[in-house]
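Please open the model in a viewer and keep the selection tool at hand. The tour proceeds by short stops, each with something to select.

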Amino acid sequence: MITCFIEYRIDPFKQSQFEKYAKNWGKIIPECGGDLLGYFMPHEGTNDVAYGLISFPDLASYESYRERLKSDEAGKRNFLFANKEQFIAAEKRSFLRVLDATYKQEARVAK
């Protein structure tokens, strides 16, 4: 499994537009074949960075997903929305693999 880790530099005065954009992907990404782990908005501290995480079985699956996404009507509308509103200043993608021994370790707090 690989996870596409997307870092967005957003306009801090347009967080509500980015939130709408991210919510739209919440439906579109799974329909196009991505396992959406979530979008993460600024909460405290830095107010102009947001993240999106999407997993795929392998890089070939990601490439197929990107092709489906480009031809998806709702995906096209969401890309156009972002372009028109200009709330994303920059976007970086990294592809990560999970270290199984560390994934989803639950907290063990003594009661």
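Begin with helix H2, residues 59–71, in this predicted model. At 1.5 Å a residue, its 13 residues should span 18 Å, and the end C-alpha atoms are 19 Å apart, which agrees. Next, colour Tyr62, Tyr65, Arg66 and Leu69, the buried residues of H2. Seen down the axis of H2, the buried residues fall within an arc of 105 degrees, so they line one face of the helix.

Remain on H2 and select Lys70 and Glu67, which form a salt bridge with their closest N and O atoms 3.8 Å apart. Both residues lie in H2, three residues apart, which is about one turn of the helix. Lys70 counts as partly exposed, because its relative accessibility is 48%.

Now turn to the strands and select E3, residues 49–56. How many of its eight residues are buried? Seven of them are, and strand E3 is thus mostly covered. Add strand E1, residues 2–10, which pairs with E3 in the antiparallel sense over eight bridges. Then add strand E2, residues 35–40: five bridges join E2 to E3, and these two strands also run antiparallel.

Which residue of E3 should be selected to see the bridge partner of Ile6? The residue is Gly52. Gly52 is likewise the bridge partner of Tyr39. Displaying Ile6 and Gly52 together shows one of these pairings, and displaying Tyr39 and Gly52 shows the other.

The next stop concerns charged pairs. A search of the whole structure finds seven salt bridges. One of them joins Glu7 and Lys92, with the closest N and O atoms 3.9 Å apart. Glu7 lies in strand E1 and Lys92 in strand E4, so the pair ties together parts that are 85 residues apart in sequence. Lys92 is exposed, with a relative accessible area of 51%.

Select Glu85 and Lys84 for a further salt bridge, in which the closest N and O atoms are 3.8 Å apart. Is each partner buried or exposed? Glu85 counts as partly exposed at 23% relative accessibility, whereas Lys84 is exposed, with a relative accessible area of 67%.

Finish on the surface by selecting Met1, Leu37 and Tyr103, which make a nonpolar patch of about 290 Å². Tyr103 is found in the segment after strand E4, residues 88–96. With 38% relative accessibility, Tyr103 counts as partly exposed.

Notes
Residues are numbered from 1 along each chain as its sequence is written. This is a predicted model: local features need pLDDT of at least 70, side-chain atom pairs count only at pLDDT 80 or more; totals for chains, interfaces and linings use all residues. Side-chain values use heavy atoms; hydrogens and water are left out. Patches are made of residues with over 30% relative accessible area and no salt bridge: like charges are joined within 9 Å, nonpolar side chains (Val, Leu, Ile, Met, Phe, Trp, Tyr) within 5 Å. Accessible areas come from the Shrake-Rupley method with a 1.4 Å probe; for residues, only the protein chains shown count as cover. A salt bridge is a side-chain nitrogen of Lys or Arg within 4 Å of a carboxyl oxygen of Asp or Glu. Helices (H or I, at least four residues) and strands (E, at least two) are DSSP runs, numbered from the N terminus. Buried means under 20% relative accessible area, exposed over 50%, partly exposed in between (1.4 Å probe, protein chains only). Two strands pair if DSSP finds at least two bridges between them. The expected span of a helix is 1.5 Å times one less than its number of residues. The arc is that of the directions from the helix axis to the C-beta atoms.
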